[in-house]
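Hello,

Here is the structure I promised to pass on. Please open it first, then read my notes below.

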Amino acid sequence: LQGSEDLVPEMMTMGQHLAVEKIPGIFQDLCRQFPELQGEAKFCGPADPTKKSLLLGARPFPAGN
């Protein structure tokens with residue numbers, strides 16, 4: 001498309017701003033959903049030994065039919 005090359009820099013800038021705005025919240029959600037990341041992932045902080053996610057359990061998801 002003619003003129004679309006003019007949009008690329010603007011779209012890249014918008015994407016960067018969106019990422020900067022949203023990534024901290026995404027990391028916080030990951031740390032809440034997966035407590036075992038604490039102490040392992042730098043963005044989660046120190047580990048809390050009393051918390052575990054359901055994914056580490058013997059049966060992480062209910063059995064099907």
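Start with Glu21, which is exposed at a relative accessible area of 56%. Please keep in mind that this is a predicted model. Glu21 forms a salt bridge with Lys22. The closest N and O atoms of that pair are 3.8 Å apart. That is within the 4 Å allowed for a salt bridge. Lys22 counts as partly exposed, at 44% relative accessibility.

The structure holds two salt bridges. The other one to look at joins the side chains of Arg32 and Asp29, at 2.4 Å from N to O. Both residues sit in helix α1, three residues apart, so about one helical turn separates them. Arg32 is exposed, with 58% relative accessibility. Asp29 is partly exposed, at 34%.

Now the overall layout. The chain has one helix and zero strands. Helix α1 covers residues 4–33. How much of the chain is buried? Buried residues make up 9% of its 65 residues. The accessible surface of the chain is about 5,900 Å². Carbon and sulfur atoms account for 62% of that surface.

Next, the cysteines. There is one disulfide in the structure. It links Cys31 and Cys44, with the sulfur atoms 1.9 Å apart. The link is left-handed, with -90° about the S-S bond. What does this pair tie together? Cys31 lies in helix α1 and Cys44 in the segment after α1, so the disulfide connects parts that are 13 residues apart in sequence. Are these cysteines buried or exposed? Cys31 is buried, with a relative accessible area of 9%. Cys44 is also buried, at 13% relative accessibility. The cut-off for buried is under 20%, so both values qualify.

Then the aromatic rings. The structure holds one aromatic pair. Phe27 and Phe43 form this pair, and it is stacked. The ring centres are 4.1 Å apart, and the planes are 10° from each other. Planes under 30 degrees apart count as stacked, so the 10° angle fits that class. Phe27 lies in helix α1, while Phe43 lies in the segment after α1, so this pair ties together parts that are 16 residues apart in sequence. Phe27 is partly exposed, at 33% relative accessibility. Phe43 is partly exposed too, with a relative accessible area of 39%.

Those two rings come up once more. Which residues form the nonpolar patch on the surface? They are Ile23, Ile26, Phe27, Leu30 and Phe43. Together they have about 400 Å² of accessible area. A patch takes residues with over 30% relative accessible area, so Phe27 at 33% passes that cut-off. Phe43, at 39%, passes because the limit is the one just given.

To go through this on screen, I would take three stops. Begin at Cys31 and Cys44, the two ends of the disulfide. Move on to Phe27 and Phe43, the stacked pair. From there, find Ile23, Ile26 and Leu30, which belong to the surface patch with both rings. The salt bridges can come last: Glu21 with Lys22, then Arg32 with Asp29.

Best wishes

Technical notes: Residues are numbered from 1 along each chain as its sequence is written. This is a predicted model: local features need pLDDT of at least 70, side-chain atom pairs count only at pLDDT 80 or more; totals for chains, interfaces and linings use all residues. Side-chain values use heavy atoms; hydrogens and water are left out. Patches are made of residues with over 30% relative accessible area and no salt bridge: like charges are joined within 9 Å, nonpolar side chains (Val, Leu, Ile, Met, Phe, Trp, Tyr) within 5 Å. Accessible areas come from the Shrake-Rupley method with a 1.4 Å probe; for residues, only the protein chains shown count as cover. Helices (H or I, at least four residues) and strands (E, at least two) are DSSP runs, numbered from the N terminus. Buried means under 20% relative accessible area, exposed over 50%, partly exposed in between (1.4 Å probe, protein chains only). A disulfide is a pair of cysteine sulfur atoms within 2.5 Å. Rings of Phe, Tyr and Trp (its six-membered ring) pair if their centres lie within 6.5 Å; planes under 30 degrees apart count as stacked, over 60 as edge-to-face and the rest as tilted.
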